[in-house]
Amino acid sequence: MRNDNHGTIEKAVEALKIGAYDFLIKPVNIKRLGILIEKALEKQVLILKNIELQQKLEERFGFKNIIGKSKEIKKILEVVTQVSSRNSNVLIYGESGTGKELIANAIHYSGSSTQRAFIKVNCSVFNEGVLESELFGHEKGSFTGAASQRIGRFEMANEGTLFLDEVSEITPSTQVKLLRVLQEKQFERVGGSKTIEVDVRIIAATNQDLKELVRLGKFREDLYYRLNVVKIDIPPLRNRKEDIPFLVNHFLTKFNQQYQTHIRGVTQKTLNMLLNYYWPGNVRELENCIESSMVMAQDEYLTPKDLPEYVTSQSSDEKSLIIDLGTSLKDIEKLVLTKTLELVKGNKAKVAQLLGIGVKTVHRKFEEYGLKPVSKN
Ligand SMILES: Nc1ncnc2c1ncn2[C@@H]1O[C@H](COP(=O)(O)OP(=O)(O)OP(=O)(O)O)[C@@H](O)[C@H]1O
Ligand SMILES: [Mg+2]
């Protein structure tokens, strides 16, 4: 061989560039070749396994799992498809059980970001100090109990997505820190002085009217605009009833598989009852309702007697109110408050949500008017 080291190295580099696993020069050492083949095969298996796992994740969490044919859901699916291939922050708003987490999952798992980190934090379950250390991490000894250094969720989510659930619960001082990461992509761990840089896309979810919280001075306006680059508003299930039959079928299939049952559908009367019900707990409540009905079912089709009592007992006239013209606004307010409280079985937080006012206001009004739920008779 001429002094050919140079040429050999060039060839090796080229081969590796176009995807060769390794490069051997002649004469080939058979033992080394054997080891290399084994390693290359192992790597191939890992790659295939990884692809398989990614596909499973996409199947399980991708947007095929979002069921519904209403124009609202179609619009949401369009937005999901668009934002999944971009890196913009998304704010998801919807009452409890409307599918906020489902949609956050779909945004992450149906785009090119699937391979990247997807980290979730529920902001309502931690107090301020703990939330900050969850988000930003902490240095050893930064507070009593900080026995070792800890990486926060922002660092874990670097180059990927961080899902901030119940974002309205973040306190003002943590809001400032969050704003800084969003604006400058920088932060320090709790008790640390080193500045850490991250590039993280935020999907935030809330069942509160954040704009109203901004107006009340409870949520920073600048943070609101940073989070609200793309807004997804999920309407309550009662406002998109045409989705109910599709969701019912979806849950029947799901629970048939889970419980090894063979329920084929629901009778027309049952479907009518499901369509008439108010669904204060939205899709989650419908899912639970179908599951418990299937446990009770004796026939191939679910009948009204299989449904939970709270669904069958709510006749449609309980959901409407006839008010004579000329009634004072105060009396109308009283009537609406008491009827709504009945509808949601005495849950004042639900009344607040349905009527779009704060829970405290509901309590105050009930006290002020000396109201009690209207008797059924
Ligand atoms: N359009 C939909 N298609 C299929 N399943 C749905 C749909 N919307 C919601 N679900 C199901 O309903 C349940 C509740 O959804 P999810 O947890 O995403 O709601 P959420 O808005 O995050 O609720 P919460 O406010 O309580 O956190 C889940 O089991 C979810 O899979
Ligand atoms: Mg949720």
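Biologist: Which polar side-chain atom lies 2.7 Å from an oxygen atom of ligand 1?

Modeller: Good place to start! This is a predicted model, and in it the atom belongs to Lys-100. When reading such pairs, a distance within 3.5 Å between N or O atoms counts as a polar contact.

Biologist: Where does the backbone come up to ligand 1?

Modeller: At two residues you can click on. A polar backbone atom of Gly-97 is 3.0 Å from an oxygen atom of the ligand, and for Glu-101 a backbone N or O atom lies 3.1 Å from a ligand oxygen. On its own, ligand 1 has 640 Å² of accessible area, and the protein covers 83% of that.

Biologist: Which elements give two or more residues to the shell around ligand 1?

Modeller: Look for helix 4 (100-109), helix 10 (244-259) and helix 12 (282-296). The shell holds 16 residues, with Ile-67, Lys-100, Leu-102, Arg-284 and Glu-287 the closest. By character, six are nonpolar, five polar and five charged. The space that ligand 1 takes up is the largest pocket.

Biologist: Now the helices. How many Å should helix 2 span?

Modeller: Helix 2 covers residues 30-61, which makes 32 residues; at 1.5 Å a residue, the expected span is 46 Å. Its end C-alpha atoms are 46 Å apart, so the two agree. At the start of this helix, a side-chain oxygen of Asn-29 comes within 2.9 Å of the backbone nitrogen of Lys-31.

Biologist: And the backbone angles: is the peptide bond from Lys-26 to Pro-27 cis or trans?

Modeller: The general idea is that most peptide bonds are trans, and most residues other than glycine have a negative phi. Here the bond from Lys-26 to Pro-27 is cis, with omega near -5°. Pro-27 sits in the loop between helix 1 (5-17) and helix 2.

Biologist: Where does Lys-185 lie?

Modeller: In the loop between helix 7 (172-184) and strand 6 (186-188). Its phi is positive, near 60°, though Lys-185 is not a glycine.

Methods
Residues are numbered from 1 along each chain as its sequence is written. Chains are lettered from A and ligands numbered from 1 in the order in which they are written. This is a predicted model: local features need pLDDT of at least 70, side-chain atom pairs count only at pLDDT 80 or more; totals for chains, interfaces and linings use all residues. Side-chain values use heavy atoms; hydrogens and water are left out. A residue is near a molecule or strand if one of its heavy atoms lies within 4 Å of it. A polar contact is a pair of N or O atoms within 3.5 Å; within protein, one must be able to donate a hydrogen and the other to accept it, and residues adjacent in sequence count only if both atoms are side-chain atoms. Accessible areas come from the Shrake-Rupley method with a 1.4 Å probe; for residues, only the protein chains shown count as cover. On a 1 Å grid over the protein atoms alone, a cavity is a set of points where a 1.4 Å probe fits but cannot get out, and a pocket is an open set with protein on both sides within 12 Å along at least five of seven lines; lining residues have an atom within 4 Å of a point. A molecule sits in a cavity or pocket if more than half of its atoms lie within 2 Å of its grid points. Helices (H or I, at least four residues) and strands (E, at least two) are DSSP runs, numbered from the N terminus. Ala, Val, Leu, Ile, Met, Phe, Trp, Tyr, Cys and Pro count as nonpolar, Asp, Glu, Lys and Arg as charged, and the others, Gly among them, as polar. The expected span of a helix is 1.5 Å times one less than its number of residues.
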